[in-house]
Amino acid sequence: MTRERRLSWINGLLLPFLNVLTAFIATAIVFILIGVDPIEATKILIYGALGYDEGLGYTLYYATNFVFTGLAVAVAFHAGLFNIGGEGQAYVGGLGTAIVALYLNPALSAWIVIPLAISGGLLFGALWAIIPAYLQAYRGSHIVITTIMFNFLASALMVYVLVNVLREVGEMSPESADFIKASWLPFVHDVFASFGYKIAKSPLNLSILVALFFSGLVWFFLWHTRWGYAIRAVGKSNDAAVYGGINPKKIIIVTMCISGALAGLVGINELMGVQHRLFLNFNYGYGFGGIAVALMGRNHPVGILIAAFLFGILYQGGAELDFELQNVSRDIVVVMQGLVILFCGGLEYLYRPILIRFLAPIEATE
Amino acid sequence: MKNMKRSHFSGLLKKTGLAVIASTFLLAAPIAQADGHVKPAVVYDTAGKNDKSFNEAVYVNGVMKFMNDTGIAVTELEPTNEAMMEQSLKKFAQRGYSPVIAVGFTMANAVAAAAAEYPDTQFTIIDGVVDAPNVQNVIFKEHEGSFLVGVMAAMASNSGTVGFVGGMDIPLISRFECGYKQGVAHADSSMNVLAQMTGSTPAAWGNPTKGGEITRSQVENGADVVYAAAGGTGIGVYQTAADMGVLAIGVDSNQNYMQPGTMLTSMYKKVGLAAYESFAAAVDGTWSGGFKVNGVAEDGVGAAMDEYNADLVSSDMLAAVDAARAGIIDGSIVVHDYMSDNSCPL
């Protein structure tokens with residue numbers, strides 16, 4: 001194996017694996033400190049997330065959200081942009097979906113309504129990202145700052161819309177009316193049932209196919225199209241891209257629109273797939289989780305699918321832990337996620353020098 | 001550590017091995033076992049059981065009290081998102097827990113879904129309404145209790161102006177406000193009521209700083225008694241009232257002890273007791289679906305009197321409150337319910 005190849009193995013596979021493992025060891029120590037048997041806890045977590053079809057359904061349902069936001073962060077990252085605004089883009093994207101799914105003629109066929117509602121999410125997510133993109137490209141405001149601020153703006157906007165516009169008279173919770181039936185994405189258990197297979201009910205719905213489709217699309221777009229090449233060129237070296245005839249300003253706008261649109265798809269899963277209405281904070285945590293998923297997945301769609309699955313396991317398995325063990329509070333799930341993010345994001349290159357030294361030392365002659 | 005690593009990755013990578021692991025863990029999975037046949041459970045809302053307000057009232061006066069009195073374990077869960085509410089209700093039902101108490105109106109959708117799927121499980125929702133035969137809806141006539149404290153506020157005020165600080169701007173809180181206004185007007189029709197809401201999202205239940213600011217502005221505009229129906233936000237209201245030397249009225253549980261000397265009374269709403277009674281009814285076998293309405297007549301709501309506010313409450317005031325209570329019970333006083341038509345006559 002050449003050194004190049006060994007390096008890519010180290011960066012792509014070995015490092016994330018070791019990072020996740022370290023995070024789990026740290027979690028085990030926390031468990032021991034609060035008097036929970038870590039082996040027992042792991043068993044519950046794994047069984048709860050993967051061991052029976054309802055649990056697996058929940059895991060994949062949570063993972064679907066992380067695929068969308070993970071892809072969003074990854075696309076932006078390839079252009080050298082750190083999109084922290086997934087949370088807000090997902091939120092506003094949900095509004096786009098909801099507008100279509102609430103006000104379209106209920107008599108229309110699902111084949112028309114569903115694509116339109118998905119487009120609504122894509123469009124509104126993109127629109128929410130275009131202003132920070134413009135400010136970065138043409139006014140030099142840093143994308144990290146503006147996208148963070150846009151999360152707060154999104155939150156304020158959604159509160160206003162839900163409380164003052166979409167809430168029905170006499171309703172307590174700030175939430176919209178139910179979406180028209182034609183916009184409901186079928187649940188996976190219903191699809192299976194129509195083929196004669198009976199599986200347990202779970203919120204898992206066909207948006208997981210949408211997630212897989214967009215993962216493939218992102219892969220094709222980034223590595224097999226001109227624009228994808230331009231995005232990666234800008235990310236690798238702005239000056240070289242300019243020399244190559246690429247306009248980085250335009251690329252920033254395009255990339256952020258794609259990134260925001262992908263984040264805007266969270267609403268497909270949460271709203272069209274499961275809750276069938278718009279409500280406050282349906283996006284909670286998925287936008288930020290997407291950053292960790294993209295980091296762990298090395299900004300590659302395949303890696304993101306794996307990392308999103310891991311986060312799905314943490315979400316569902318963590319909920320199961322909370323359910324089974326009365327001395328584990330729901331906050332332990334946040335601790336576990338925090339440790340994964342810390343070791344996969346913050347301390348990403350912790351083991352890199354050691355690994356390179358032993359596995360891929362610089363050789364005088366190859 | 002080694003074990004943990006191995007089991008984790010076998011779960012991830014080898015689907016075939018999963019069934020074996022699964023069957024092993026299924027037996028090992030601890031399930032909270034209760035004495036007898038009643039296995040009660042409670043699902044709080046996303047604010048959590050230590051929210052210093054509504055959920056905590058259920059936890060302290062309902063769940064803990066029931067566990068201490070009967071020795072029957074109550075299994076608790078605090079969901080973190082919308083999907084988890086329904087998931088946990090269904091899971092409790094599936095594991096044979098009953099009754100399952102859902103705390104707060106945000107749970108209504110989840111309870112409706114779970115109750116339809118598990119018709120044999122007894123569900124109780126506090127403060128919400130779900131139309132199903134196996135759901136007990138515990139609701140309170142907050143307007144009646146607010147009417148009583150409104151009477152007291154009007155009598156305690158010297159300035160002719162009293163204040164109201166609401167939490168989240170929802171019909172339920174408008175019901176408190178409207179009942180309060182009617183009580184104030186009942187005692188003295190020339191009184192002026194200043195009313196404000198803290199916000200329009202659930203965050204408004206936990207914002208004592210803003211509660212304090214609103215109170216300050218109301219006091220500066222002449223109010224000398226301020227009633228807070230704002231969950232945790234109320235803490236700031238009571239503190240500011242004490243600092244500025246005016247009276248405050250607490251809500252939900254008896255909060256008179258929080259600022260002794262400046263707490264005129266509290267509009268208690270016995271949510272904890274309601275939870276307790278629902279558990280107890282299930283033990284006795286007298287649990288039933290439908291509505292459990294707690295008004296002044298049932299002593300589900302009312303004005304709290306104890307040693308902390310004894311010096312503030314005059315005998316005239318006590319007499320007036322008793323008269324109002326009697327009037328509400330015998331029907332000679334009808335307190336308009338804001339939620340019946342989404343409007344307040346005052």
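A residue counts as buried if 20 or more other C-beta atoms lie within 10 Å of its own, as exposed if 12 or fewer do, and as partly exposed in between, with C-beta atoms placed from the backbone. Keep that one handy. This is a predicted model, where local features need pLDDT of at least 70, side-chain atom pairs count only at pLDDT 80 or more, and totals for chains, interfaces and linings use all residues. Residues are numbered from 1 along each chain as its sequence is written, while chains are lettered from A and ligands numbered from 1 in the order in which they are written.

**Chain A: a buried asparagine and its neighbour**

Let's start with A:Asn299. Its C-beta has 21 others within 10 Å, so A:Asn299 is buried. It sits in the loop between helix H13 (286–296) and H14 of chain A; helices here are DSSP runs (H or I, at least four residues) and strands are too (E, at least two), numbered from the N terminus. A:Asn299 is not a glycine, yet its phi is positive, about 60 degrees. For background, most residues other than glycine have a negative phi, and most peptide bonds are trans.

A:Phe77 touches A:Asn299, along with A:Phe82 and A:Ala294, leaving aside residues up to four places away in sequence. Touching, or being in contact, means that the C-beta atoms of two residues, placed from the backbone, lie within 7 Å. A:Phe77 belongs to helix H3 (residues 53–78) of chain A and is buried, with 20 other C-beta atoms within 10 Å. Now look along the chain: A:Phe77 and A:Asp37 are 40 residues apart, and their C-alpha atoms are separated by 39 Å.

**Chain A: two covered helices**

How many of the ten residues of helix H12 (residues 266–275) of chain A are buried? Ten of the ten, so the helix is largely enclosed by the rest of the structure. Among them are A:Val266, A:Asn269, A:Glu270 and A:Gln275. Right after H12(A) comes A:His276, with a positive phi near 60 degrees.

Helix H2 (residues 38–51) of chain A is mostly covered too, with eleven of its 14 residues buried. Those buried residues include A:Lys43, A:Tyr47 and A:Gly51.

**Helices that cross**

H2(A) also meets helix H14 (residues 301–324) of chain A, and in chain B there is another pair to look at, H6 with H11. Here they are side by side. Axes are lines fitted to C-alpha atoms, for helices over the stretch in contact, and angles run from 0 to 180 degrees between N-to-C directions.

| Helix pair | Axes come within | Crossing angle |
|---|---|---|
| H2(A) and H14(A) | 8 Å | roughly 120 degrees |
| H6(B) (residues 142–156) and H11(B) (residues 315–330) | 10 Å | roughly 155 degrees |

To read the angles, use these cut-offs: under 35 degrees is roughly parallel, over 145 roughly antiparallel, 65 to 115 roughly perpendicular, and the rest oblique. H6(B) and H11(B) are therefore roughly antiparallel to each other. Their crossing is right-handed, and H2(A) passes H14(A) in a right-handed crossing as well. The rule is that a crossing is left-handed if the near helix is turned anticlockwise from the far one by less than a right angle, and right-handed if clockwise.

What sits at the contact of H2(A) with H14(A)? The residues there divide into eight nonpolar, four polar and two charged. Nonpolar covers Ala, Val, Leu, Ile, Met, Phe, Trp, Tyr, Cys and Pro, charged covers Asp, Glu, Lys and Arg, and the others, Gly among them, are polar. The contact of H6(B) with H11(B) has eleven nonpolar, no polar and three charged residues.

**Chain B: the wider view**

Chain B holds twelve helices and twelve strands, and buried residues make up 57% of its 346 residues. Of the contacts in chain B with a separation of 6 or more, 67% join residues 24 or more positions apart.

An automatic or database assignment sets the domain bounds, giving domain 1 (32–140 + 270–299) and domain 2 (143–268 + 314–341) in chain B. Their C-alpha centres lie 28 Å apart. Eleven residues of domain 1 of chain B are in contact with 14 residues of domain 2.

Two local spots round things off. B:Asp252, in strand S9 (residues 247–252) of chain B, has a positive phi near 70 degrees without being a glycine. The peptide bond from B:Ser98 to B:Pro99 is cis, with omega near 0 degrees, and B:Pro99 lies in the loop between helix H4 (82–94) and strand S3 (100–103) of chain B.
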